[in-house]
Amino acid sequence: MCHSHGLDEPHDHHHGHGHTHSHGHAHGTDDLDPDTAVALDTSIADGELSPSQLSRRSLFRSAGIVGGATALGMVGVTPAMAEGRGRPATTPAAGGGPVRHWLAGDHHIHTQFSSDAMYRVIDQVQHGAAYGLDWMVITDHGGATHARIGVELVNPDIRAARELLPDTLVFQGLEWNIPAAEHGTVFVAPGPNEVSVLKQFETDYDGGVNGWGANTPANEAHALAGITWLGAQIDQRRVDDALFLANHPARQGIDSPHEIRAWRDADPRVAVGFEGAPGHQAAGLPAGFGPGSARGYYGGGPNANSFPGYPLESYRTWGGFDWMTATVGGLWDSLLAEGKPWSISANSDSHVNWGDTSRRPDGSSSDQFNRDGRYGAPVHGGAVNLTAGDFWPGFYSRTHVGSDARSYLAVMKGLRDGRVWVDHGRLVKNVDVSVRVHGSRGPGVPLGSTLQVRYGARLELVIRITAQDQPNWAQFVPELNRVDLIQGMVDPSAADADRDSFVAPETTVVKQWDTSGRTGTFEIVHRLPNAYDPFYVRLRGTDGNRSQPGFLGASIDPEGPAMDVVGDADPWVDLWFYTNPIWVVPTR
């Protein structure tokens with residue numbers, strides 16, 4: 001690296017360049033069946049339980065509910081971490097060298113095997129590959145029909161897509177109806193048991209299949225048991241890997257903070273993050289040119305099933321991003337401030353795509369779908385669809401994963417390790433971030449990592465950005481006009497202080513850089529505070545085309561993303577990127 005520039009000065013290196021759940025939030029024990037209530041009562045010894053009660057307690061114990069803090073009488077479920085099972089500590093990855101590959105992908109894609117979608121697997125994969133994606137996850141909706149036959153039916157199409165496009169990594173997954181909560185992506189590494197593991201998981205733990213939509217301690221425990229079960233499949237070597245990420249977490253307000261923390265802590269190998277930006281990004285296009293709905297279909301409001309602490313603005317997207325991610329010092333930051341990893345992603349949630357001319361074939365109906373487990377292949381040549389709210393995979397939203405190889409397991413490891421940044425509209429070509437000790441010659445540690453340093457060490461942040469020089473799929477070249485540095489303090493004890501906290505008041509925007517007009521690959525080196533206390537840093541960047549003031553967040557984040565207007569949110573004039581954090585931990 002050239003050191004002729006001053007700190008904080010960018011300089012150029014030109015390199016030739018659906019469905020809802022009932023979700024009441026009463027957390028008492030009056031709604032529990034007697035066996036569940038007894039199983040949760042830790043004052044009763046195992047030997048005093050009936051076989052059914054002991055079986056129920058074993059379920060809760062595997063989820064971390066019994067043996068640690070119980071759910072009885074609490075605001076939320078507080079699982080204890082399982083011990084002695086070879087699980088990693090709930091801390092970010094330590095160290096790590098520079099990222100070898102940044103692979104763009106999408107973990108939330110539907111096909112004709114979803115009751116509200118229509119495309120073939122090959123349609124989605126070919127389009128995603130053409131729009132620049134390296135990896136994709138097929139996530140048809142969990143439910144009775146999918147659990148009965150859909151998991152098996154889609155697998156041959158996924159395997160065929162792998163053969164037809166060998167340079168594209170195509171995972172099989174499903175969209176889980178999380179018991180007592182929203183939806184989530186669950187997927188496994190390809191292998192001989194991918195179908196059997198996913199089918200058993202959906203049959204045994206899907207909230208829709210089993211009627212576990214209501215928010216009760218028992219249903220929350222089922223969600224944790226499902227995550228724990230996925231981890232057990234890794235331990236038993238039925239699959240090489242398995243991951244879960246929550247989808248559109250703030251859309252209905254039913255993913256409460258304590259539930260998100262409980263998922264994360266149930267098995268941190270498996271539960272690794274949530275969508276920082278939902279799909280359905282075309283939904284806010286004005287009527288006549290688009291659906292005239294809400295960006296991301298975030299157009300609802302609080303109801304009896306919503307977590308009561310969430311404010312009204314949480315039910316909208318902000319610059320296309322979920323409120324939990326877009327709010328500086330908000331829920332995502334409250335998780336990061338506990339010093340535990342939690343990744344973000346950006347996905348298409350593609351069902352039916354804006355601007356397409358396809359439609360379902362004649363004769364397709366819900367009865368036919370329920371019988372056959374799939375719709376017929378779409379037919380083409382109809383009118384241009386300007387009322388659909390989705391984009392093709394890769395057309396607008398991308399999740400970039402840093403990996404050591406172009407392989408399925410490397411992508412999954414990169415997601416788990418937090419080597420992730422996301423963007424909309426191809427705002428930039430590449431973002432690479434590291435933190436290192438000032439004066440060191442090494443590359444520092446990358447996104448998702450922890451840099452452990454001596455107490456008082458001098459530190460610096462290194463940002464390398466490659467500006468966009470090619471038109472995106474809306475046929476213009478985006479310009480990155482500003483980059484913001486966000487910094488927060490870390491207090492591991494906060495994880496147990498308030499499981500329903502969604503604020504991190506010490507997290508703020510500490511630095512902004514004007515990057516307008518920058519071309520090629522440029523670098524910013526910034527002096528961070530000396531390492532006296534643990535902290536983390538993360539980045540966001542924008543084209544600067546905000547269309548309204550900062551609404552309720554203006555006092556703490558006056559230049560942050562604006563709340564998207566229902567019926568008038570053109571996604572192409574409001575582009576952002578976000579990175580995962582890097583943590584710094586001083587030691588004496």
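**Exercise 1.** Determine how helix 7 (217-235) and helix 8 (residues 257-266) are arranged relative to each other.

*Solution.* Step 1: the two helices pack at an angle of about 25°, and their axes are 9 Å apart. Axes are lines fitted to C-alpha atoms, for helices over the stretch in contact, and angles run from 0 to 180 degrees between N-to-C directions. Step 2: helix 7 is therefore roughly parallel to helix 8, a class for angles under 35 degrees. Step 3: Glu220, Ala223, Leu224, Ile227 and Thr228 of helix 7 meet His258, Glu259, Ala262, Trp263 and Ala266 of helix 8, where contact means heavy atoms within 4.5 Å.

The model is predicted: local features need pLDDT of at least 70, side-chain atom pairs count only at pLDDT 80 or more, and totals for chains, interfaces and linings use all residues. Residues are numbered from 1 along each chain as its sequence is written, and side-chain values use heavy atoms, leaving out hydrogens and water.

**Exercise 2.** Identify the buried residues of helix 5 (residues 194-205) and the elements against which they pack.

*Solution.* Step 1: Glu194, Val195, Val197, Leu198, Phe201, Glu202 and Tyr205 are buried, that is, under 20% relative accessible area (exposed is over 50%, partly exposed in between; 1.4 Å probe, protein chains only). Step 2: their packing partners include strand 4 (135-141), helix 4 (144-164) and helix 7.

**Exercise 3.** Classify the exposure of Ala160.

*Solution.* Step 1: Ala160 lies in helix 4. Step 2: because its relative accessibility is 34%, Ala160 counts as partly exposed.

Key. Helix = DSSP H or I, 4+ residues; strand = E, 2+ residues; numbered from the N terminus. Expected span 1.5 Å × (residues − 1). Parallel < 35°, antiparallel > 145°, perpendicular 65-115°, else oblique.
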